[in-house]
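Colleague: I am new to this structure. Please show it to me, and then I will ask how you know what you say.

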Amino acid sequence: MSERPILILGGTAESALLARTLVSAGHRVISSLAGRTTKPSRPEGEVRVGGFGGPEGLASFIRDEGIAVLIDATHPFAERISDNAIRAAEIAHCAFVRLERPAWKRLPDDNWIGVPSLLNAVSAIPANANVLLALGRQHIAPFANRRDVRFTLRMIEPPDEPFDLPAYELVLAKPGSLHEEEAFLRNRQITHIICRNSGGSASYAKIEAARQLGLPVIMIDRPKRPSIHSVESVEDAVAFVETALGQSRLGRKE
Ligand code: NAP
């Protein structure tokens, strides 16, 4: 147990689980959320909301709050905050680990077209395709110039404004089970899926359904990251914390 707080950069299911696990073990935990969603589910422990003002701002927060360990548990595609976290940990000399859920792995029957970016995904769509765009609303605009393509968008909440796409259907729904995803793709005669390699189980059924139906998936790869200390599970992140706290206690006794 630590009297100094552990700072988790959150906004993911794993970060909330990590906060809960560390709080149950008696640690003081501060979770940081960007403040993008209006009704975020509140992690256990203390919560702060909003940007820090770049790596220097995050480093100042770490120093001012006496943070013992910094854990970047943000989404695999949240690039800026992850770069900031590495830099801030260096500036503030703080123990640091990144918790990142494993990417989905291509299986032998998968028909994936791997692309490095959203713009590459736009140009990878064959002419006259019927595409399920499994992306958040902030990633739709680059597809507007594909006037030959018909898009299906599936979202949990309605957008504030209509999308600037030539031809699209908006379906308000959550990702379904494998059976439901197969029916969804078949009923709409989808020819291609476009998604990001987010990993995790919540939206994996559509990838399995595409495999069953032999549909191509235009898979946007994760951003390349500098080599940093990184773990893939909450258990390994907790183990890192315990080790780092043990070392800092020893350091203070010497
Ligand atoms: P981003 O582009 O990497 O970050 C942009 C700026 O937002 C950062 O420079 C930072 O501002 C602030 N920020 C981001 N995450 C923060 C956090 N956890 N606590 C405090 N400030 C944060 O991030 P993004 O892609 O917009 O994602 C924002 C948040 O949503 C992340 O926390 C992420 O885990 C979550 N999320 C993202 C996605 C996604 O697809 N990108 C999906 C699900 C959840 P300052 O420089 O001022 O500190």
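Colleague: How many residues in the shell around the ligand are nonpolar, polar and charged by class?

Modeller: The shell has six nonpolar, ten polar and five charged residues. Ala, Val, Leu, Ile, Met, Phe, Trp, Tyr, Cys and Pro count as nonpolar, Asp, Glu, Lys and Arg as charged, and the others, Gly among them, as polar. This is a predicted model, where local features need pLDDT of at least 70, side-chain atom pairs count only at pLDDT 80 or more, and totals for chains, interfaces and linings use all residues. Residues are numbered from 1 along each chain as its sequence is written, and side-chain values use heavy atoms, with hydrogens and water left out.

Colleague: Which residues are closest to the ligand?

Modeller: Ser32, Phe52, Gly53, Arg80 and Arg196 are the closest of the 21 that surround the ligand.

Colleague: Why is the pair between the Arg36 side chain and the ligand called a polar contact?

Modeller: A polar contact is a pair of N or O atoms within 3.5 Å. An N or O atom in the Arg36 side chain is 2.9 Å from a ligand oxygen, so the pair qualifies. A backbone N or O atom of Ile81 also lies 2.9 Å from an oxygen atom of the ligand.

Colleague: What is expected for the reach of helix α2?

Modeller: Helix α2 (residues 54-65) has twelve residues, and 16 Å is expected at 1.5 Å a residue. The expected span is 1.5 Å times one less than the number of residues. From first C-alpha to last, α2 reaches 17 Å, close to that.

Colleague: Which residues of α2 are buried?

Modeller: Pro55, Gly57, Leu58, Ala59, Phe61 and Ile62 are. Buried means under 20% relative accessible area (1.4 Å probe, protein chains only).

How values were computed: A residue is near a molecule or strand if one of its heavy atoms lies within 4 Å of it. A polar contact is a pair of N or O atoms within 3.5 Å; within protein, one must be able to donate a hydrogen and the other to accept it, and residues adjacent in sequence count only if both atoms are side-chain atoms. Helices (H or I, at least four residues) and strands (E, at least two) are DSSP runs, numbered from the N terminus. Buried means under 20% relative accessible area, exposed over 50%, partly exposed in between (1.4 Å probe, protein chains only).
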